[in-house]
Number of protein chains: 2
Amino acid sequence: MPVKIGLVGCGTVGMSVLKILHTNPGLIEDRVGDKIVVKTVCDKRVNELEDIKKYAKDAILTDDYKKIVSDPEISLVVELVGGYTIAKDVVMESLRAGKQVATANKALIATYWNEIFSTAKKYKALIYFEASVAAGVPVIQALNEGLAANRIESITGILNGTTNYILSAMSRDGKSFASALKEAQKAGFAEADPTLDIEGHDTKQKLSILSSLAYDNWVPPDKIYCEGITGIDVIDLKFAKEEFGLTLKLLGVTKFANGKLESWVRPTFIQETHMMSRIENEYNGILIKGDAAGDVMFYGRGAGGDAAASGVLSDIIYLARNVVHETAEKMPYVMYNERKLNFLPIEDSEGEYFLRFTTVDRPGVLAKISGALGENNVSIASCFQRAIGSTVPIFVTTHKTKEGNIRKAMACIDNLPIVRSKTVVYRIED
Amino acid sequence: MPVKIGLVGCGTVGMSVLKILHTNPGLIEDRVGDKIVVKTVCDKRVNELEDIKKYAKDAILTDDYKKIVSDPEISLVVELVGGYTIAKDVVMESLRAGKQVATANKALIATYWNEIFSTAKKYKALIYFEASVAAGVPVIQALNEGLAANRIESITGILNGTTNYILSAMSRDGKSFASALKEAQKAGFAEADPTLDIEGHDTKQKLSILSSLAYDNWVPPDKIYCEGITGIDVIDLKFAKEEFGLTLKLLGVTKFANGKLESWVRPTFIQETHMMSRIENEYNGILIKGDAAGDVMFYGRGAGGDAAASGVLSDIIYLARNVVHETAEKMPYVMYNERKLNFLPIEDSEGEYFLRFTTVDRPGVLAKISGALGENNVSIASCFQRAIGSTVPIFVTTHKTKEGNIRKAMACIDNLPIVRSKTVVYRIED
């Protein structure tokens, strides 16, 4: 018996899902074991969307999602509305009705993890969300299945195409942040209001999902320390590259060591020779370190209708197969438990740092700064000074130290009379 | 009820499997839904292997695999013998007994694809083989599941750690092939008899598996054109890098276009800026181009006991879960059918080429060579000449042309009296 699905939210990704179901039906049917039929499509602009008729000509069109979640014939609901409001109702009501759910909604999954998965478990429904992180790159599945025997030591991700596009343009072409942002907007890689991307919130939600999967425990977004890329000065990218061979990326990093979980999003320098430094423009990449598999990296387009649809369809195929074979109730839910995770305070996080001091040009300045660093247990690894216009910034990289030491040192240094403006601080990762 | 497994072949990978089952049991049990118990271990040296007792103290030890395949209590057989002989009996007899099978045996899977999967289908048993390609990197699963909705346009793989280690050493350190091979042997990345690796056969088997999965059809290894890396001269690596920005990799490539499948293994130049040029030493990488997902790349350690065990254990977890939930009979087999695939003859394969001519040092030589190239529809993209010792090789890159044209041109050029030795020919890929 064909699997009847209902699609709620028919924007770019939803339309790509319909298109691919229409274009590759044999391929999908082979993998499911039966046909997939789109019974109902819900969108508030449903009557304006001409392509729906092209790709799903027999579908019922509605602007009321209740027609989908209350339809007993529909066993699989695809939620592509996004955001927190109606999307949450669609997902929760579908699960409560025992329907399987596929969603690409990172905000919803990251924010309501426990509520969603406890409901899924209670009603023996499955919910999958491959496209919520890195679109068509099957990294969710890799954490759930392919790396299932590993203790995950760390996750390092370039998870947001907008910020990576901006940093790539700044690094490659020497553009300012403002003009790189404009270029990204023009190329369709940044929204008119880019706040969620450039402030790191999008990366934080995706890192929350990956970390929750890796540690079988909800890692809530608000437990993740977060800095965005607004206001990054291109001179730091330029000199870090020329003098230290470093490239700046907005990284989302989670590490687990000594019983403590450390998780943060921040602009971070990595060596130019590192695989991840080659992830450029709108691409995403995730490096997962497992105790058995070692370093495994996943790379691909992190956005775009077809790429996200590829991820959504892998969920649909998996869920539909379980409907056809009546195995959905037997499949395990996403692993999670509510035991307490110990989070490492950001002050205790250890790493190397890149610092740029803006000071008056006078003898003894470097001595004062290095003195203040030393007093706070920050040891200099390399250092150079270069006149740029009327200022003579001092660039420093440090040996490994705690974030708390850096903060104390900065609090002290930024108050010295010789210092003209706030010191720039970036993390460096191996 | 715990899932009882039998392990046949307890070398490096087998021992790592036992070790991880012993170390991470809770993590694995959570994902399976019940315990996994190693009931029997078979190896011809089983009584010499002290660590078995450490990791699986209650296991029955035997040197007779029949004790495993004929044991009705054992529902899952792990075959890690390798090769074609006893391994084939273990796999086929297990499937015929309705047992689930996990194997890392690339040679067996690639060579007996149809026989293995038709038997599995007939006896409603599942066989998985994640570790057969790129060890712990979950690329088999990605083709089977994560990219399931995509038509695969191409697969490009660096699939063999030995050859990649050798080429990396030659490229980075200017080592000769012979001394790079010795270094690889010393570092444990090449066997005493390295033939299977350096002649490309190992890559060919892995490419056969990936291609068969991608096209739901057996792509037999002997349909794959294959050249190894023996005899590569370091001057080609040096000048291709300096003059054309190219890096040499042993690539396995399968493409599908216009109803025809093209599949080959050969040393191939790629641009230094290409993601895959950064895959160095013993690492593996696979770039899959799907019509929806676009370019997706997977990267990691392609060998090593723990890395391969990570792949084998992901199969074990998947299979054991299906045993626990009694869903194994309902899960789809690896998709395959026996409809005819059209293979593109290697002569019709199109690409750019790197050529090195060794000629006498005399006026008019370049004119003769470029004339012969032109007559065979090979057009020069760039060219340079440099005295190296007593010879003056001419390095040429071509525009896109057919392999057949290159071969005709070489047959002609290599017979010219001005040519001192056989022209060196490498493919260049985008």
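Into which domains is chain A divided? In this predicted model, the chain is split into domain 1, which is assembled from the two segments 3-136 and 305-330, domain 2, which covers residues 141-295, and domain 3, which covers residues 347-429.

Between domain 2 and domain 3 of chain A, the C-alpha centres are separated by 24 Å, and the contact between these domains involves 18 residues of domain 2 and 14 residues of domain 3. On the side of domain 2 that touches domain 3, two or more residues are contributed by each of α13 (234-244), β9 (246-257) and β10 (260-271) of chain A. Of these elements, β10(A) gives the most, with 7 residues. When the residues on this side of domain 2 are sorted by class, 12 are nonpolar, 5 are charged and 1 is polar.

Strand β1 of chain A, which spans residues 3-8, is largely enclosed by the rest of the structure, because 5 of its 6 residues are buried, a residue being counted as buried when 20 or more other C-beta atoms lie within 10 Å of its own. Two strands of chain A are paired with β1(A) in the parallel sense: β2 (residues 36-42) through 6 bridges, and β4 (residues 76-79) through 4 bridges. In the pairing with β2(A), Ile5(A) is placed opposite Val38(A), whereas in the pairing with β4(A), Leu7(A) is placed opposite Val78(A).

The contact between the chains draws on 48 residues from chain A and 48 residues from chain B. On the side of chain A that touches chain B, at least two residues are supplied by each of α2 (25-32), α8 (139-146), β12 (294-301) and α14 (305-324) of chain A, and the largest share, 9 residues, comes from α14(A). Classified by residue type, this side of chain A consists of 23 nonpolar, 13 polar and 12 charged residues.

Strand pairing also extends across the two chains, since β12(A) is joined by 5 bridges to strand β12 of chain B (residues 294-301), with the two strands running antiparallel. Within this pairing, Met297(A) is found opposite Tyr299(B), a residue of β12(B). The strand β12(A) is thus described both by its bridges to β12(B) and by its place among the elements that each supply at least two residues to the side of chain A that touches chain B.

Technical notes. Residues are numbered from 1 along each chain as its sequence is written. Chains are lettered from A and ligands numbered from 1 in the order in which they are written. This is a predicted model: local features need pLDDT of at least 70, side-chain atom pairs count only at pLDDT 80 or more; totals for chains, interfaces and linings use all residues. Two residues are in contact if their C-beta atoms, placed from the backbone, lie within 7 Å. Ala, Val, Leu, Ile, Met, Phe, Trp, Tyr, Cys and Pro count as nonpolar, Asp, Glu, Lys and Arg as charged, and the others, Gly among them, as polar. Two strands pair if DSSP finds at least two bridges between them. A residue is buried if 20 or more other C-beta atoms lie within 10 Å of its own, exposed if 12 or fewer, and partly exposed in between; C-beta atoms are placed from the backbone. Domain bounds come from an automatic or database domain assignment.
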